[in-house]
Amino acid sequence: MVSKTLTFVTGNKNKLAEVKAMLGKVEGIEIENHDVDLPELQGEPEDICREKTRLAAESIKGPTIVEDTSLCFNALHGLPGPYIKDFLKKLGHEGLNTILAGFEDKSAYSQTIFGYTDGPGHEVHLFPGRCQGRIVPPRGNYFGWDPIFQPDGKEQTFAEMSHEEKNTISHRSRALAGLIQFLQQM
Ligand SMILES: Nc1ncnc2c1ncn2[C@H]1C[C@H](O)[C@@H](COP(=O)(O)OP(=O)(O)OP(=O)(O)O)O1
Ligand SMILES: [Mg+2]
């Protein structure tokens, strides 16, 4: 692969740090950040991510990466999903637990979709990754909804794990693996 500079468009510092930690190890890939909070469509996560990538590329005018993350409750047929950011802001960790109080099924999955395009007018490629788990009362201290998400087979929430451990099992690393494979074949 030829060496390539990609711009990751995100307003989220934690996302940026996680993605840099993972993509930084790949030879020939250089990551720059463009810090804007892009407008997000309503709809299915794939459509939101595709449109977000397209919009980002218009301002970057070159190779662009974006990422959109959902937290999906099975009892709610996948909601809050891509709207988790607003749910978290308004309801907090406790409120998100309360939503599930009336349901026996606390299972959930986190989903990250990376979008990549060579630039404006080029095809948008999507790379999804999921991690199955369940919603628990908050434990630990890290960003977003990490304290209330406990992955299947683990005793700890994402927030209680080391960054390395989270990075090896998370939805984001699974999605990123697909993106890396694609970039290496270019
Ligand atoms: N790996 C993660 N662990 C925990 N929480 C996360 C993670 N990734 C994202 N979140 C949180 C941050 C947001 O509240 C929500 C995802 O919304 P999203 O629109 O994808 O991010 P964002 O608006 O913060 O950044 P961006 O600028 O990339 O859109 O989930
Ligand atoms: Mg956003």
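This is a chat about aromatic pairs and one strand in a predicted model.

Visitor: Why is the pair of Phe 127 and Phe 182 called tilted?

Guide: First, the tally: the model has six aromatic pairs. In this one the ring centres are 5.3 Å apart, and pairing asks for centres within 6.5 Å. The planes meet at 50°; stacked needs under 30 degrees and edge-to-face over 60, so the pair is tilted.

Visitor: What makes this pair a tie between parts apart in sequence?

Guide: Phe 127 belongs to strand S6 (residues 125-135) and Phe 182 to helix H5 (residues 171-184), so the pair ties together parts 55 residues apart in sequence. Tyr 116 joins Phe 127 and Phe 182 in one aromatic cluster.

Visitor: How do you know whether Phe 127 is buried or exposed?

Guide: Its relative accessibility is 11%, and buried means under 20%, so Phe 127 counts as buried. Phe 182 has 21%; the partly exposed class runs from 20% to 50%, so Phe 182 counts as partly exposed.

Visitor: And Tyr 142 with Phe 143, what kind of aromatic pair is that?

Guide: Edge-to-face: 85° between the planes, with 5.1 Å centre to centre. The cut-off for that label is over 60 degrees. Tyr 142, at 22%, counts as partly exposed, while Phe 143, at 18%, is buried.

Visitor: What makes you say that Lys 166 lies over the face of Phe 158?

Guide: Lys 166 is 5.3 Å from the ring centre of Phe 158. The distance limit is within 6 Å, and Lys 166 is listed as lying over the face of that ring.

Visitor: Why is strand S3 called mostly covered?

Guide: In S3 (residues 64-73), 10 of its 10 residues are buried. Side chains in a regular strand alternate between the two faces of the sheet. Here Thr 64, Val 66, Asp 68, Ser 70 and Cys 72 point one way, Ile 65, Glu 67, Thr 69, Leu 71 and Phe 73 the other, and all are buried.

Visitor: How do you know that S3 and S5 pair?

Guide: Pairing takes at least two bridges, and S3 has 10 with S5 (residues 107-117), in the antiparallel sense. Ile 65 stands opposite Tyr 116 there. Strand S1 (residues 4-9) pairs with S3 in the parallel sense over two bridges, and Phe 8 has Ile 65 as its bridge partner.

Visitor: Which strand forms a hairpin with S3?

Guide: S4, with six residues between the two strands. Two antiparallel bridges join S3 to S4 (residues 80-81), and Leu 71 stands opposite Gly 81. In the turn, His 77 has a positive phi of about 55°.

Notes
Residues are numbered from 1 along each chain as its sequence is written. Chains are lettered from A and ligands numbered from 1 in the order in which they are written. This is a predicted model: local features need pLDDT of at least 70, side-chain atom pairs count only at pLDDT 80 or more; totals for chains, interfaces and linings use all residues. Side-chain values use heavy atoms; hydrogens and water are left out. Helices (H or I, at least four residues) and strands (E, at least two) are DSSP runs, numbered from the N terminus. Buried means under 20% relative accessible area, exposed over 50%, partly exposed in between (1.4 Å probe, protein chains only). A charge sits over a ring if NZ of Lys or CZ of Arg is within 6 Å of the ring centre and within 35 degrees of the ring normal.
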